[in-house]
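Visitor: I would like a close look at a single part of this protein, namely the contacts between its charged side chains. Please take me through them one pair at a time, and say how each partner sits with respect to the surface.

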Amino acid sequence: MSFLQSWPEPIVRVQSLSESGIQKIPNHFVKPPSDRPFNIMDTKTTSINVPLIDLENLNSPNEFVRKETIDGISNACREWGFFQVANHGVSHELMEKTRAVWNEFFQLSLEEKQKFANSPVTYEGYGSRIGTEVGAKLDWCDYFFLHYLPEALRDENKWPRLPVSCRKLVSEYGQELVKLSKRLTTILSIGLGLNEDYIHQSFGGNNETSACLRANFYPKCPQPDLTHGLSPHSDPGGITLLLPDTDIPGLQIRRDNNWLTVNPIPNAFIVNIGDQVQVLSNAIYKSVEHRVIVNSKKERLSLAFFYNPGGDKLIKPAHQLVTKDCPVLYSPMTFNEYRSFIRTKGLTGKCQIESLKSPR
Ligand code: OGA
Ligand code: NI
């Protein structure tokens with residue numbers, strides 16, 4: 001696989017543009033009219049609550065309550081591709097501190113942040129674009145991307161040096177989110193009628209499973225109806241655990257032709273299915289398209305934790321889920337190969353997973 005060694009165009013930090021006080025956004029952020037967020041021709045913006053699951057119920061002595069909880073998650077993955085979890089075992093204090101440290105990071109001087117400027121080779125570090133196509137329309141977002149697992153890819157020297165508590169908090173946060181993600185893959189496997197460690201093993205087990213964190217920072221935007229914070233996409237990986245900003249909405253998910261704004265519940269995580277789990281489940285679970293809208297009033301911060309197959313794992317539909325009525329839908333592909341598409345083309349709705357559809 002060959003990636004560009006550096007970005008094809010000079011990088012301008014969205015935060016710097018926002019803070020410069022411009023009233024008009026540069027042309028390369030302006031989406032074509034059909035892709036704009038408030039296009040009333042094809043979207044109706046309504047806010048919704050995605051299913052909320054109380055994970056504490058999995059410890060209930062009542063078998064019926066346990067089963068109902070697993071079914072709740074399984075149905076949400078089939079119908080919504082999204083759910084929220086409460087009582088998930090991650091300390092609220094740790095969540096708050098980790099969020100705060102990333103907010104502080106984005107408030108550091110440009111010079112300090114630039115020390116971690118990323119490149120399209122691995123994407124690790126401080127970045128402002130996804131994809132390397134020359135002339136592409138860009139999103140109104142800066143981010144910091146880092147590897148947590150596998151351990152061989154974890155390099156704390158590539159994580160922010162400041163604030164001083166950042167590295168320690170990110171390691172603790174990563175450890176807790178890996179535990180929670182692993183637990184969720186067990187429930188997702190059971191919900192498909194597979195062995196409880198099916199997804200975990202398919203991802204490569206304790207040694208190969210990968211996990212990364214992306215802190216997304218969406219600065220205030222003077223023309224929020226012309227651009228996106230993140231363009232429509234489905235997450236390419238396994239599952240995503242999102243700690244959204246609870247002060248300001250922004251995440252929208254697609255249901256049919258409507259974009260619905262998600263109401264985040266304080267202290268909950270928003271969990272969504274990525275393309276690799278859609279493939280493993282032969283499309284029983286859906287990786288649903290979502291996007292982020294920006295606003296002119298307040299910046300927004302979210303932490304997306306991606307729990308993914310190891311890069312060399314070949315991901316294909318579980319043979320137990322392939323029947324005469326449900327023929328195999330996707331051709332096998334390694335996760336690295338799959339991810340290279342988004343890393344060059346950027347975010348493109350659901351067209352990549354469609355391209356994996358096996359010819360019949
Ligand atoms: C993502 C994502 C949503 C958000 O990082 O893939 O969809 O609310 N983020 O920032
Ligand atoms: Ni996403």
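Guide: In this predicted model, the structure holds 15 salt bridges, and helix α3, which spans residues 92-107, is a convenient place to begin. There the side chains of K97 and E93 come together in a salt bridge, with 3.1 Å from N to O. The two residues are 4 apart in that helix, so about one helical turn separates K97 from E93. As for their surroundings, E93 counts as exposed, at 52% relative accessibility, while K97, at 43%, counts as partly exposed.

A second pair in helix α3 is formed by E96 and R99, whose side chains meet in a salt bridge at 3.3 Å, again given from N to O. Here the spacing is 3 residues, and about one helical turn lies between E96 and R99. The partners fall into separate classes of accessibility: E96 is partly exposed, at 40%, whereas R99 is buried, with a relative accessible area of 13%, a value that places R99 there because buried means under 20%.

Moving along the chain, the side chains of E112 and K115 also meet in a salt bridge, at 2.8 Å from N to O. In this pair the acidic residue, E112, is buried, with a relative accessible area of 8%, and its partner K115 is exposed, with a relative accessible area of 52%. This contact does not stand by itself, since E112, K115 and R161 are linked in a network of salt bridges.

Charged and polar side chains also matter at the metal site, which is worth setting beside these pairs. The nickel ion (ligand 2) has as its protein donors H233 through NE2, D235 through OD and H290 through NE2, lying 2.1 Å from the ion. Along the sequence, these donor residues follow the spacing H-x1-D-x54-H. Within that pattern, D235 and H290 link distant parts of the chain, being 55 residues apart, with D235 in the loop between β7 (230-233) and β8 (239-243) and H290 in strand β12 (residues 290-292). Both of these donors are shielded by the protein chain in terms of accessible area: D235 is buried at 5%, and H290 is buried at 6%.

How values were computed:
Residues numbered from 1 in each chain as written. Chains lettered and ligands numbered in written order. Predicted model: local features only at pLDDT ≥ 70, side-chain atom pairs only at ≥ 80, totals over all residues. Heavy atoms only, no water. Donors = N, O, S within 2.8 Å, 3.2 Å for Na, K, Ca; no water. Buried < 20%, exposed > 50% of the residue type's maximum accessible area, 1.4 Å probe, protein only. Salt bridge = Lys/Arg side-chain N within 4 Å of Asp/Glu carboxyl O.
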